[in-house]
Amino acid sequence: MSSYTLTLLALFAALLAQSLVTALATELFLRKEQGALARRSWMALAIGALIFALQSGYALELAVSTGLHDVRQAILAAVASLLVAAAVYGLRRLA
């Protein structure tokens with residue numbers, strides 16, 4: 001597998017994971033039985049995850065359109081995104 005293909009797969013995984021985090025955090029924000037502080041925290045997490053998803057999307061677009069890619073950055077983004085997704089999924093069960 002070439003470094004370019006690995007970069008594209010990692011950035012796509014990061015984009016997908018951050019989109020999942022955004023959806024889960026937004027779902028938890030919309031639950032009415034939580035306190036105001038918890039709801040604001042979920043909204044802040046959803047907004048932050050959306051910004052990271054946009055960044056991953058822009059990096060993916062840059063790699064596809066120009067061929068410029070950074071394997072280490074892509075793998076770091078994918079690992080971080082998957083860990084955040086796992087954390088939010090685990091916190092969802094507590095909320």
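## Helix 2 and the glycine after it

Right after helix 2 comes Gly67, and its phi is positive, near 90°. Keep in mind that this is a predicted model, so every value here is computed from predicted coordinates.

How does the length of helix 2 fit its number of residues? Helix 2 covers residues 36–66, which makes 31 residues, and at 1.5 Å a residue a span of 45 Å is expected. The C-alpha atoms at its ends lie 45 Å apart, in agreement with that expectation.

## The buried side of helix 2

Helix 2 has a good number of residues to look up in your viewer. Its buried residues are Arg39, Trp42, Ala46, Ala49, Ala53, Ser56, Ala59, Leu60 and Ala63. An α-helix has 3.6 residues a turn, so residues three or four places apart point the same way. What covers the buried residues of helix 2? Helix 1 and helix 3 are both included in that cover.

Ala49 is a handy residue to zoom in on. Leaving out residues up to four places away in sequence, Ala49 touches Gln18, Val21 and Thr22.

## Two nonpolar cores

The largest nonpolar core has 10 residues: Ala17, Val21, Leu24, Ala25, Leu28, Trp42, Ala46, Ala49, Ala85 and Val88. Helix 1, helix 2 and helix 3 each supply at least two residues of this core, and the largest share, five residues, comes from helix 1. Apart from this core lies another one of eight residues, including Leu11, Ala59, Ala77 and Ala78.

## A nonpolar patch on the surface

Turning to the outside, Met1, Leu6, Leu9, Ile75, Val79 and Leu83 make a nonpolar surface patch of about 600 Å². Helix 1 (3–29) and helix 3 (71–94) each give at least two residues to the patch. Which helix gives the most? That is helix 3, with three residues.

Leu6 is one of the patch residues and is found in helix 1. Leu6 counts as partly exposed because its relative accessibility is 34%.

## One salt bridge

Side chains of opposite charge can pair when their charged atoms come close. How many salt bridges does the model have? The count comes to one, and the partners are Arg31 and Glu27, whose closest N and O atoms are 3.8 Å apart. The pair qualifies because the cut-off is within 4 Å.

Are these two partners buried or exposed? Both fall in between: Arg31 is partly exposed, with a relative accessible area of 24%, and Glu27 is partly exposed too, at 37%.

Technical notes
Residues are numbered from 1 along each chain as its sequence is written. This is a predicted model: local features need pLDDT of at least 70, side-chain atom pairs count only at pLDDT 80 or more; totals for chains, interfaces and linings use all residues. Side-chain values use heavy atoms; hydrogens and water are left out. A salt bridge is a side-chain nitrogen of Lys or Arg within 4 Å of a carboxyl oxygen of Asp or Glu. Buried means under 20% relative accessible area, exposed over 50%, partly exposed in between (1.4 Å probe, protein chains only). Patches are made of residues with over 30% relative accessible area and no salt bridge: like charges are joined within 9 Å, nonpolar side chains (Val, Leu, Ile, Met, Phe, Trp, Tyr) within 5 Å. Accessible areas come from the Shrake-Rupley method with a 1.4 Å probe; for residues, only the protein chains shown count as cover. Helices (H or I, at least four residues) and strands (E, at least two) are DSSP runs, numbered from the N terminus. The expected span of a helix is 1.5 Å times one less than its number of residues. Contact means heavy atoms within 4.5 Å. A nonpolar core is a set of buried Ala, Val, Leu, Ile, Met, Phe, Trp, Tyr and Cys residues joined through side-chain atoms within 4.5 Å.
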